[in-house]
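Please walk me through this protein structure step by step, beginning with its strands and sheets and ending with its salt bridges and inner spaces.

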Amino acid sequence: LGWGDFDIALIEFLQYTEDDRPADVYIDGKKQDFDFEPEYRNDDLYITLSSQRSFLKDMNLIYEASRKKGTFRLLSVDKDIRLTYGLDHYTVNGKADTLPERFSSKDGLPVIPLKYFAKLFGYIVEVDGKNYNIITK
């Protein structure tokens, strides 16, 4: 294969500066993982939801999704939230309301504003720099 000899002049490890560091999300102190890095927009932190991650379970939520209809539904004990991809309005227990931006997805996963939805479900959101802790209990 003969790649030959060579010298390595420098090995550099890339690091996040504090400003570039992605946000950490906790639910009742338990760190959450997402398929994509959370993104800051509209004074909120937008996250992707996946049935393969513990976020929905830790938030005491279940969901239904229909790709064919383009709809998404989040359910808790007392809330039924229905959204449609591409629209900025939704319903909570049948009452209409408006999102800060259109409901969207990333690689097929729903994207939601974290603080907005946590408060909608009646949870407390504590923000400490880039750390978000949602208190459900």
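A strand is a run of at least two residues that DSSP assigns to state E, with strands numbered from the N terminus, and two strands pair if DSSP finds at least two bridges between them. With these terms in hand, and keeping in mind that this is a predicted model, we can look at the place where β5 and β6 form a hairpin with 4 residues between them. In the turn of that hairpin sits Gly70, which has a positive phi of about 70 degrees.

This hairpin belongs to an open sheet of 5 strands, arranged in the order β5-β6-β7-β8-β9 with antiparallel pairing. The edge strands of the sheet are β5 and β9, each of which pairs on one side only. When direction is ignored, neighbouring strands of this sheet are turned against each other by 20 degrees on average. In general, the strands of a sheet pair through backbone hydrogen bonds, and they do so either in parallel or in antiparallel fashion.

Following the sheet from β5 onward, we find that β5 and β6 pair in the antiparallel sense over 5 bridges, and that Tyr63 has Leu74 in β6 as its bridge partner. The next pair, β6 and β7, is also antiparallel and has 5 bridges, with Leu75 standing opposite Asp80 in β7. These two strands, β6 and β7, form a hairpin with 4 residues between them. Further along, strand β7 (residues 80-84) runs antiparallel to strand β8 (residues 89-92), and 3 bridges join the two; here the bridge partner of Ile81 is Val92 in β8.

Another open sheet is made of 4 strands in the order β2-β1-β13-β12, and its pairing is mixed. At its edges stand β2 (30-31) and β12 (124-128), and because each has a single partner strand, one side of each is left without a neighbour in the sheet. The partner of β12 is strand β13 (residues 131-135), with which β12 pairs in the antiparallel sense over 5 bridges, and within this pair Val127 stands opposite Tyr132 in β13.

From the backbone we can turn to the side chains, where the structure holds 9 salt bridges. One of them brings together the side chains of Arg41 and Glu101, at 2.8 Å from N to O. Arg41 lies in strand β3 (residues 39-41), while Glu101 lies in the loop between β9 (95-98) and β10 (104-106), so this pair ties together parts that are 60 residues apart in sequence. Both partners count as partly exposed, Arg41 with a relative accessible area of 26% and Glu101 with a relative accessibility of 24%.

Asp80, already met opposite Leu75, takes part in salt bridges as well. Its side chain meets that of Arg73 at 2.9 Å from N to O, and Asp80 also forms a salt bridge with Arg82, where the closest N and O atoms are 3.2 Å apart. Is Asp80 buried or exposed? At 16% relative accessibility Asp80 counts as buried, because the cut-off for that class is under 20%, whereas Arg82 is partly exposed with a relative accessible area of 43%. Elsewhere, salt bridges that share partners join Glu39, Arg41, Glu101 and Lys106 into one network.

Finally, we come to the spaces in the model. The largest pocket has a volume of about 210 Å³ and is lined by 14 residues, of which Ala65, Arg67, Tyr85, Gly108 and Pro110 lie nearest its centre. Its lining divides into 7 nonpolar, 6 polar and 1 charged residues. At least two lining residues come from each of β5 (62-66), β6 (71-75) and β11 (109-113), and β5 gives the most, with 3 residues.

How many cavities of 30 Å³ or more does a search of the whole structure find? The search finds 1, and about 50 Å³ of space lies in the largest cavity. Among the residues that line this cavity are Arg41 and Glu101, the two partners of the salt bridge described earlier, together with others including Tyr46, Leu99, Phe103 and Phe117. By class, the cavity lining has 8 nonpolar, 1 polar and 3 charged residues, and β11 gives the most to it, with 3 residues.

Key: Residues numbered from 1 in each chain as written. Predicted model: local features only at pLDDT ≥ 70, side-chain atom pairs only at ≥ 80, totals over all residues. Heavy atoms only, no water. 1 Å grid on protein atoms, 1.4 Å probe; cavity = no way out; pocket = protein on both sides within 12 Å on 5 of 7 lines; lining within 4 Å. Points joined across faces, edges and corners; volume = space filled by probe spheres on them. Nonpolar A, V, L, I, M, F, W, Y, C, P; charged D, E, K, R; others polar. Salt bridge = Lys/Arg side-chain N within 4 Å of Asp/Glu carboxyl O. Buried < 20%, exposed > 50% of the residue type's maximum accessible area, 1.4 Å probe, protein only. Axes fitted to C-alpha atoms, helices over the stretch in contact; angles between N-to-C directions.
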